[in-house]
Amino acid sequence: MKPIGIISALPEEIEHLKSGSLETVEVCGLSFHKGKVDGRDAVLVETGIGKVNAAIVTTLLIERFDCRGVLFSGVAGGLDPALSIGDVVIGKRVVQHDYGRLQNEKLITFQPGAFPLPGMDSTHGFEIDDALMARAEEALDGVALKGLDDVEGAANTNPRVVFGTILTGDSFVNCEVTRQRLHDNFKAQAVEMEGAAVAQVATQMGRPWLIVRCLSDLAGAESHMDFNGFLSVTTENAASVTRRLVEAFD
């Protein structure tokens, strides 16, 4: 069976998924690790931060390694006040929130690649296949996540997994006003810097995708402090969910 491509932006994210014997292949200055995740053939790669890096890696996974699907595993900033640090969001829908048209000091979001002109269709977002989502829900039945009760500043003793909207943009959100605006405009649960680019490329190339994000911060004024403080636990939770989800591509 063809392998699954697994992508993370940071070394802390990908390390939780590496195990056993790995064959490393260097392509375009990137290290692609061929091995197994949850007993299934996989190619793991650390892409670096941002949409362009994510698009390059996704293309290489499909073209060079013939991956049958791609899965992004990592952390994100929380937008939904109903969620807490440590919760995991799986992208039922992903949106590049920073692509579009600036008009009257406001960004009108368009689908990446579409002409962002007045009168043009501004429908946007990528949605996972219903059958894949059903298999993902089944695979996650009974998954256990690590609580953050023993981490200073957190009180989420029972992290949960939810399906929702994840936003992608080439900026780290460290601003309460922006966090509130993004949540109000998109009703989204999380914001990060790679996922929707992965979805765009995978969709264009006819491959299924899943985006897994554990909330490492709440995208407000203290997000830079939360991110560093909770990175270890939240990357572990993202990896735990990712290991369960590889079977959803079967």
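**Core, surface patch, cysteines and two prolines**

L117 counts as partly exposed because its relative accessibility is 46%, where partly exposed lies between buried (under 20% relative accessible area) and exposed (over 50%), found with a 1.4 Å probe and protein chains only. This is a predicted model, in which local features need pLDDT of at least 70 and side-chain atom pairs count only at pLDDT 80 or more, while totals for chains, interfaces and linings use all residues. Residues are numbered from 1 along each chain as its sequence is written, and side-chain values use heavy atoms, with hydrogens and water left out.

**Nonpolar cores**

- The largest nonpolar core, meaning a set of buried Ala, Val, Leu, Ile, Met, Phe, Trp, Tyr and Cys residues joined through side-chain atoms within 4.5 Å, has 61 residues, of which F32, L61, W209, L210 and L245 touch the most other members.
- Strand β12 (residues 209-217) gives the most to this core, namely 6 residues; strands here are DSSP runs of E with at least two residues, numbered from the N terminus.
- A second core, separate from this one, has 8 residues, among them V95, L167, A188 and V191.
- Beyond its neighbours within four places in sequence, F32 is in contact (heavy atoms within 4.5 Å) with residues including V25, V43, L61 and F65.

**The loop between β8 and β9**

- L117 sits in the loop between β8 (106-109) and β9 (126-127), and together with F115 and M120 L117 forms a nonpolar surface patch with about 330 Å² of accessible area.
- Such a patch is made of nonpolar side chains (Val, Leu, Ile, Met, Phe, Trp, Tyr) joined within 5 Å, from residues with over 30% relative accessible area and no salt bridge, that is, no side-chain nitrogen of Lys or Arg within 4 Å of a carboxyl oxygen of Asp or Glu; accessible areas come from the Shrake-Rupley method with a 1.4 Å probe, and for residues only the protein chains shown count as cover.
- P112 also lies in the loop between β8 and β9, and P112 is buried because its relative accessible area is 14%.
- Not counting residues up to four places away in sequence, P112 touches Q96, Y99, F126 and Q200.
- P118 lies in the loop between β8 and β9 too, but P118 is exposed, with a relative accessible area of 61%.

**Cysteines**

- A search of the whole structure finds 0 disulfides, a disulfide being a pair of cysteine sulfur atoms within 2.5 Å.
- The sulfur of C67 is too far for a bond, because the closest cysteine sulfur, in C28, is 15 Å away.
- C67 is buried at 0% relative accessibility, whereas C175 is partly exposed at 31%.

Note on methods:
Helix = DSSP H or I, 4+ residues; strand = E, 2+ residues; numbered from the N terminus. Patch = residues over 30% accessible without salt bridge, like charges linked within 9 Å, V, L, I, M, F, W, Y side chains within 5 Å.
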